[in-house]
Amino acid sequence: MEALIVSQSPHRHSGVTTPVIMRDVLIALIPALIASVVFFGPRALLVTAVTTASAIFFEYAYRRLMHRQQTVGDLSAAVTGVLLAFNLPVSIPLWIAVIGSFVAIVVVKQLFGGIGKNFANPAITARIVLMVSFAVHMTNWTEPFAYLHPQAEAVASATPLAVLAGSEGTLPSPLMLFLGNCGGCLGETSALALLLGGAYLLYKRVIRPHIPLAYLGTVALLTLPFGVERMATYLFSGGLAIGAIFMATDYTTSPITGKGKIIFGIGCGLLTVLIRQFGSYPEGVSFSILLMNLLVPYIDIWTAPRPFGLTRDKKKKEKTKTAVEGDQTPIRPLRDVLRPTAVLCVVVVLIAGALLATYRVTRVEEETGLTEALISELTELVPQGADWEELQPPASPENATITRCFGSSAGHVYEVVTKSYGGDLTLLVGITPEGVSGVSVTETSDTPGLGSKAADEGFLSQFAGRKGEITVAKNKATRDSDIVAVAGATISSRAVTTAVNAALAADSELGGDGE
Amino acid sequence: MSLLNGKRINGVTVRHDKNTKNAVTTPIPLPQRVTIPMQQHMGVPCKPLVEVGDRVLVGQKIGDTEHLFAAPVHSSVSGEVEALTEIVLPGGKRSQAVVIHADGKQEEFPHKTPTITTAQDFFTAVRRSGLVGLGGAGFPAHMKLAYKDVERLDTLVVNAAECEPYITSDYRTCIESAEDVFDGIEAVMHFLGLTHCFIGIEKNKPEAIEKLGKICKADSRIRVVPLPARYPQGAEKVLIYQTTGRTVRAGSLPADSGVMMQNVSSIAFLADYLRRGRPLIERFITVDGTAVERPGNYSVPVGTSIREVLEYCGGFEKATQILSGGPMMGSAVADPEMPVTKTCNALLAFTEPEDFALSATDCIRCGRCTAACPMGLRPGMLEDAYDKRDTAQLRALSVTLCVGCGSCSYVCPAGRPLSQKNVLAKDLLRKEGN
Amino acid sequence: MKNREIFLRGLLKENPVLVMLLGTCPTLAVTTMALNGIGMGLATTFVLLGSNVVISLLKRVIPKEVRLPCYIVIIAGFVTLVGFLLERYLPALNQALGLFLSLITVNCIILGRAEMFASKNSVGKSALDALGMGFGFTLALFCMGAVRELIGAGTIFGIDITFGVLEPMLIFILPAGGFFVFGCLIALVNRLTKGRAAERRSQADGCAGCPAAGACGGCEEVAK
């Protein structure tokens with residue numbers, strides 16, 4: 001007989017290997033893939049194919065170049081590719097999708113050591129990078145089924161979340177949201193398809209229910225006080241379903257124990273609601289997951305399982321000895337850190353108080369006259385203006401506040417504050433008898449690269465010479481009174497227009513003859 | 001961690017493969033010669049008491065030592081001592097051995113039923129029987145019974161869990177020798193002054209549960225506790241917790257918590273010994289596996305070569321992997337000429353190992369190992385610590401609590417040798433002085 | 001050490017930013033445009049040169065106990081000088097650098113070189129060291145700024161080179177992208193110096209360039 005195989009126990013394996021797990025995840029993503037093709041057309045499939053293929057390619061190439069064990073066989077790169085595609089809108093240029101794959105696979109995953117060693121979810125981080133870098137492309141949503149009418153003019157639609165945040169548009173019913181019949185990224189619209197996939201993953205024991213339940217449960221609980229319909233809308237909008245089921249549950253970047261998973265899920269839910277409600281981005285899922293990812297090593301320490309039969313004291317001693325994975329520095333118990341922190345806080349408060357007092361005492365009252373800088377700004381807006389003086393601001397209309405008013409020989413300048421996407425927008429509007437002579441934005445809290453573009457010369461120059469009420473058109477001016485909004489920044493454009501209209505109205509009240 | 005009495009423990013669910021549960025224990029034909037090792041137990045090895053050419057009888061003592069921490073060795077056949085040699089046992093240990101050529105007559109050594117009046121007599125008798133833990137551990141039974149603080153002991157836990165796949169020999173004991181189990185329990189409880197007894201048994205053995213329940217009704221102090229069939233239900237600390245609710249502290253013995261644990265076959269043997277005085281010379285083992293043509297439960301004289309047993313059961317030629325014990329904790333046999341010893345409870349022969357094609361890939365931090373560990377350890381971190389030879393970290397992570405059940409390796413999707421590294425880690429700590 | 005080497009090591013092997021990891025704050029803040037990077041680098045070089053020379057001239061005069069306050073005063077003096085000059089002749093740059101101009105005063109590189117080199121070497125050598133370190137700093141800032149401006153805004157020195165076809169990746173102008181580019185540059189330098197830079201770093205440590213080094217006493221003989 002042949003020689004016997006000798007190895008150490010155990011001599012049996014469960015049969016569940018990494019490729020098996022990844023394959024199950026891919027299978028679970030199929031319903032969402034089908035949904036994305038149904039709602040957004042065959043291009044959805046193309047985008048997914050491109051991200052997946054490039055993800056696999058980048059992983060293969062990187063491991064090859066760095067002379068490391070080849071890992072494409074474990075299918076995790078494919079999973080990342082598909083998940084990334086599901087975070088992109090269908091109209092995304094393919095080269096941007098490829099950049100996304102590069103960021104996810106090479107920067108977030110491979111540079112840190114490959115599978116099991118990334119500090120944050122690769123697909124989520126890539127989505128955030130793309131969102132910050134190519135804001136316009138990443139927010140170019142299309143209506144579902146628009147691909148069936150290619151001749152019709154492409155109308156950008158607002159996502160449900162954008163509408164919730166105040167954008168113009170109708171909110172689809174919770175049922176529509178659940179099925180996925182709404183604008184958004186490829187895989188994130190259909191909560192139904194994602195839940196099907198989630199059920200499969202639970203059945204196959206690929207994921208445990210802790211994180212999705214804690215995440216969705218927290219969001220549900222926090223939005224329940226606003227009514228069941230509102231809660232349902234919240235739950236089924238945006239990337240929450242895909243985030244809670246597929247992204248937050250990524251093994252490497254989520255806690256190991258059940259307790260830890262629950263804490264993680266609750267944290268994600270809390271942050272998502274906070275960002276959606278109070279943040280300047282309509283979608284909070286990506287950022288919440290990323291932020292919680294960073295806390296995972298600590299959550300793991302706090303929720304470490306207790307070895308069987310270890311007494312309380314021993315556990316405390318071990319808590320101080322046990323180090324963060326891979327790091328030799330021990331974590332000190334809370335007590336040791338409290339006292340120095342408290343002392344530091346007191347010192348800071350005392351010094352800050354002393355500084356504040358000193359400032360109060362030594363501050364010199366500013367002259368109430370107009371400064372050089374201000375006058376030059378005003379003159380830029382009303383070129384012929386001279387003898388500038390500040391006047392009493394006229395009454396403001398409802399949706400804008402005229403905070404200051406300056407008069408000169410050639411016209412007036414009004415400082416208007418109005419509500420825009422990310423907060424207040426402050427503008428200076430110069431008006432002469434010929435109409436608007438200049439607009440400049442002095443303060444904006446809108447998204448850089450998007451809403452902030454409403455402060456650009458190119459957009460603002462449209463207002464020059466306007467006299468009557470101005471209206472906003474999204475893509476093309478159809479009426480005489482139209483100006484064209486900044487692509488992807490309709491709300492900000494509207495805000496500016498509202499402000500200018502308010503200034504025009506106020507000016508006509510004053511008589512408008514430059515007095 | 002684990003929840004009390006019948007609830008889930010960590011650990012893993014394995015395929016039971018109890019194919020031989022209805023196979024009645026039958027004897028194999030007498031081998032021509034037996035090789036009886038001097039060390040078939042944990043502790044000090046015995047020294048041979050016979051010489052080449054001596055005639056020995058069945059049950060005659062052929063090896064012993066003055067040390068208490070040892071179990072004497074007896075001949076399983078009658079015949080002539082052929083040689084004194086040294087062999088390598090499954091598991092890698094080297095041991096002296098006595099080779100006896102069987103004459104086929106099986107003449108029995110005159111056994112004496114032990115007379116026992118005190119607890120001390122009991123210990124002496126048990127030692128004389130050569131009994132070692134028949135669950136596979138090989139701990140000399142009398143050492144457990146000789147716990148220094150006998151007053152502290154109050155509970156007997158009988159381990160009938162048999163959580164390893166394939167193995168059904170304990171189950172057959174429950175079915176075929178239920179009265180012996182009862183008598184054995186009575187004896188132990190009597191001589192040690194115990195007040196309770198729990199029989200821990202997995203739910204996948206309903207007939208045994210029923211039979212034991214019926215027989216033990218006679219004594220209300222005995223309770224049969226059916227437990228979920230989950231591996232490693234039979235691990236000592238796990239079973240004690242599941243049946244009595246007591247947690248054996250890290251670094252302590254079960255006896256420190258007042259518990260005495262014995263394997264059910266050990267108990268049954270004890271009853272038989274107290275009745276007949278016949279020492280431990282044969283084992284009832286399960287023979288199974290994909291290579292075996294006639295799987296079943298067989299009574300095998302100690303010292304029979306593994307090859308002979310497998311040849312009798314058919315399929316020896318096809319085997320590429322032979323295990324002594326179960327697939328989770330058993331040892332791989334390198335040389336089939338090695339003998340069946342007192343600690344062997346199963347022989348498994350496979351045409352192809354069950355986990356053949358697995359090679360280790362990167363850890364994906366899935367946490368399955370941590371969820372599986374019945375001792376609440378974190379095998380993923382233990383592996384990291386061992387790879388760095390960081391003994392301080394290993395100690396901080398309590399690697400010494402590892403019972404070697406193998407659940408972590410079983411469940412790891414990356415195929416990482418977690419359980420194996422824990423063994424090395426414990427060794428490393430031992431070398432460093434623990 | 002030969003004069004040539006004193007000058008050259010500041011450029012790559014002991015580049016203050018990419019090897020010694022000093023002065024990373026202005027590096028990350030100011031390099032959103034290549035021009036700003038160069039401007040800051042040259043301003044810092046000027047200050048570095050001035051302070052190194054003056055401190056070297058005064059090295060026997062300044063008592064050891066008060067050397068740190070003295071160095072700071074001298075450095076602050078030069079920074080203020082540079083501030084005045086920029087305000088008058090290059091107001092756009094002054095605007096772009098903003099707060100970070102004044103922060104040159106506490107740039108670890110300057111104080112570090114003062115402590116590690118100028119206070120112990122001749123004026124000529126100190127000047128060479130200043131120039132080397134300063135140019136190395138400028139070079140690093142230029143590389144950072146160029147990459148970030150190119151990829152993040154599609155321009156170089158303000159000239160648009162996207163030809164309306166390519167699109168810039170905004171994140172490179174933002175802090176996250178800055179850190180990323182920084183990391184890549186450090187990796188590149190490590191590669192170019194075949195890892196020897198990292199070795200020297202663990203010996204020559206940012207520690208030694210730190211103002212507290214003398215007081216802490218841990219890195220006395222590190223200066224090489």
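**View 1. Leu75(A) sits in the loop between α2 (43–65) and α3 (76–85) of chain A.** The model is predicted, and its local features need pLDDT (the predictor's confidence in each residue, from 0 to 100) of at least 70, with side-chain atom pairs counted only at pLDDT 80 or more, totals for chains, interfaces and linings using all residues, and side-chain values using heavy atoms, without hydrogens and water. Residues are numbered from 1 along each chain as its sequence is written, with chains lettered from A and ligands numbered from 1 in the order in which they are written. Helices here are DSSP runs of H or I with at least four residues, strands are E runs of at least two, and both are numbered from the N terminus. Leu75(A) is not a glycine, yet its phi is positive, about 65°. Its relative accessibility is 28%, so Leu75(A) counts as partly exposed (buried is under 20% relative accessible area, exposed is over 50%, partly exposed is in between, with a 1.4 Å probe and protein chains only).

**View 2. Gln106(B) is in the loop between β8 (94–102) and α1 (119–129) of chain B.** Here too phi is positive in a residue other than glycine, with a value near 55°. Gln106(B) has a relative accessible area of 27%, so this residue is partly exposed.

**View 3. Cis peptide bonds lead into Pro10(A) and Pro232(B).** The bond from Ser9(A) to Pro10(A) has omega near 0°, and Pro10(A) belongs to the segment before α1 (18–40) of chain A. In chain B, the bond from Tyr231(B) to Pro232(B) has omega near -5°. Look for Pro232(B) in the loop between β11 (222–227) and α6 (236–244).

**View 4. Helix α4(B) is mostly covered.** Eleven of its 15 residues are buried, among them Val181(B), Phe182(B), Ile185(B), Val188(B), Met189(B) and Leu192(B). Asp180(B) is on the buried list as well. The helix covers residues 178–192, and its end C-alpha atoms are 21 Å apart, in agreement with the 21 Å expected at 1.5 Å a residue (expected span: 1.5 Å times one less than the number of residues). Right after α4(B) comes Gly193(B), with a positive phi near 65°.

**View 5. Phe163(C) is part of a nonpolar surface patch of about 970 Å².** Its partners include Met33(C), Leu35(C), Leu150(C), Ile151(C), Phe157(C) and Ile161(C). Patch residues have over 30% relative accessible area and no salt bridge; like charges are joined within 9 Å, nonpolar side chains (Val, Leu, Ile, Met, Phe, Trp, Tyr) within 5 Å. A salt bridge puts a side-chain nitrogen of Lys or Arg within 4 Å of a carboxyl oxygen of Asp or Glu, and areas come from the Shrake-Rupley method with a 1.4 Å probe, only the protein chains shown counting as cover for residues. Phe163(C) lies in the loop between β2 (159–160) and α9 (175–192) of chain C. With a relative accessible area of 70%, Phe163(C) is exposed. Chain C as a whole exposes about 11000 Å², with 69% supplied by carbon and sulfur atoms.

**View 6. Chains A and B share the most contacts among the two pairs of chains that touch.** A contact means heavy atoms within 4.5 Å. Chains B and C have no contact, and their closest C-alpha atoms lie 22 Å apart. Chain A averages a pLDDT of 84, but residues 322–328 of chain A stay under 50, with 18 contacts beyond four places in sequence.
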